[in-house]
Amino acid sequence: MTDRHDTPDPDQDDVRRLLELAGPRPPLPEDDLETIRREAMAAWRSETAGASRATRANRRIGLVGLAAALLIALGLAWWLRGDIRPSPAPGDVALVEVAKGIVTASVPREPSPQLTAGTRLAHGTSLETGDESGTPSGLALRLGGRVSLRLATATHVTLRSDSVVELHRGAVYVDTGSGRSNHESIEIRTTLGTATDLGTRFLVDLDPRGEELVVGVREGEVRVRHDAREAVAMAGSRLVVDRTGVVRRGPLSPSDDLWRWAVDVAPPFPGGTVAELLSWTRRETGWEIRYATAETEAVAARTTIHGSVAALPPDEAPFAILPGAGLEATLEEDVLVVAPARDSN
Amino acid sequence: MQREPPDLDADRELVRRLLDADQDAFDLLASRHLRGLYRFAARRLDGDPELTAEIVQRTLVKVFAKLSTYRGEGAFFGWLCACCRNEILMHFRRRRGRPVALGFDEKGVGADALVASPSYAPDHDLMQSETAERVHVALDLLPDDYARALEWKYTDGLSVREIASRLDLGEKATESLLTRARAKFRDRYREVRDTQTHEAERDSS
């Protein structure tokens, strides 16, 4: 393997000796490195955002009066158009969107409200799902008119405000909406730590004995604080905290079965185009949506769905709705491929 | 061997850009330092992948929290390793009281042994193992094509012609690349060696 370029060269001898001595590098786990990279980026963004956020906050104080007037005007306009989701009244912190199975509420020194879609909930309300019968149960709430909070069965929470929820046992799923915004962060407080969103969809699961806290992140980032320590989990990962504060991490697919129960209490599709239905399906199921052609995507964007699809869950709606638009959907692993219906070719 | 100072200006510039929330700076940090840091930690944690990932992650969180304290008086990678070492020591201190299998084998010695036995006298196998670690970490700190070119030439014994073919370069360009790669490798090797020297000095004090 030698050639005229490989004549002995003292300038190379040191490097040659070292590499020959060391031998080949053992391979590194690329998946772990990628997870570390993503989570490190979240931590770095969190740190560097703090410095610039202080500057933006000072500017916001000066503009809040004008902004409040604009928001009220826009809110009224949206309400008249019927596009905006109804918000809780002043003093209320949440609105019930979906109630399934056995769900109960209690408020100190107040009569217990009946939980049905449209019920308004005040701060301090305690909510429980399920009972000894094991009836599958769940709740979907809208916190502060903006954040979707869902409760799994066998879950007990207290609504401290429209941005602070105490999780006593069970699991909650949080969707703060797509993309980052200037909304106040949502805090999920448990005995093993507090999870704070950084613009995200995530779940928090505290086991009944309070031995282990699981935080799974579907989109965005979540900061989890335990005593004086904190960890940041990014999309596609789960973080497990035990009583001693030991943190374990692992990957978590957006379509993992862990998210299943949240799909079961998803608020219904509010109406719109086929493309908007597919976008709703993507958010709820974690499936990737892939259009076979640009024309297919254009058809989906311009086709409005008439009639109610409220009865259809997100993992069934595309298969029921798309044929009416001359399209069909095929699920390949976790990718929903949308193509022209075969008999329309 | 020609001595060149470590590229501290580049390290200071990288940190300045990280503090400015420059995404390219983060990508550069990840591509340049993450693998070396991981390997540095893994060797001290018996190659436990889950624990290594946790320690490296904690290290980076701490590093970003105190990034503004980096003065640029020493190599940034050495600073990362010092933070990582602290995380490893804290981990083992939390575990104290539970049986720890302290062993000396080809993979090296656990951090507990280094802390508990400062008078431990390394023998030839340990020295060879430490040298191998320095070489591997130094290679991790190089751009990919530099590291691969060096390994192809000195570990796999390929000719310049064969390396040129793999890199899709001319032979002269490949020779030039190898010259630059050797120079960079020496710099990185010195950085890693200095980091380990400081580690040993702290353990013995």
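**Close-ups of chains A and B**

**View 1. A salt bridge links Asp14(A) and Arg186(B).** The closest N and O atoms of this pair sit 2.8 Å apart. A salt bridge here is a side-chain nitrogen of Lys or Arg within 4 Å of a carboxyl oxygen of Asp or Glu. Across the interface of chain A and chain B, the rule picks out 4 salt bridges, while the structure holds 34 over all chains. A quick word on what you're looking at: this is a predicted model, where local features need pLDDT of at least 70, side-chain atom pairs count only at pLDDT 80 or more, and totals for chains, interfaces and linings use all residues. Residues are numbered from 1 along each chain as its sequence is written, chains are lettered from A and ligands numbered from 1 in the order in which they are written, and side-chain values use heavy atoms, with hydrogens and water left out.

**View 2. Arg25(A) reaches across to Glu151(B).** Here's another salt bridge, again with its closest N and O atoms 2.8 Å apart. Arg25(A) sits in the loop between helix 1 and helix 2 of chain A, and Glu151(B) belongs to helix 7 (residues 144–155) of chain B. Helices (H or I, at least four residues) and strands (E, at least two) are DSSP runs, numbered from the N terminus. Side chains of opposite charge can pair when their charged atoms come close.

**View 3. Chain A meets chain B.** In contact (heavy atoms within 4.5 Å) are 37 residues from chain A and 51 residues from chain B. About 4200 Å² is buried between them, with carbon and sulfur atoms giving 61%; buried area is the accessible area (1.4 Å probe) that two parts lose on being put together, summed over both. Leu19(A), Arg25(A) and Trp44(A) supply 19% of what chain A buries against chain B, more than any other three residues.

**View 4. Strands 17, 19 and 18 of chain A make an open sheet.** The order is 17-19-18, with mixed pairing; two strands pair if DSSP finds at least two bridges between them. Which strands are at the edges? They are strand 17 (288–291) and strand 18 (327–332), each pairing on one side only. Strand 17 runs parallel to strand 19 (residues 335–340) of chain A, joined by 4 bridges. One partnership to spot is Arg290(A) with Val337(A) in strand 19 of chain A.
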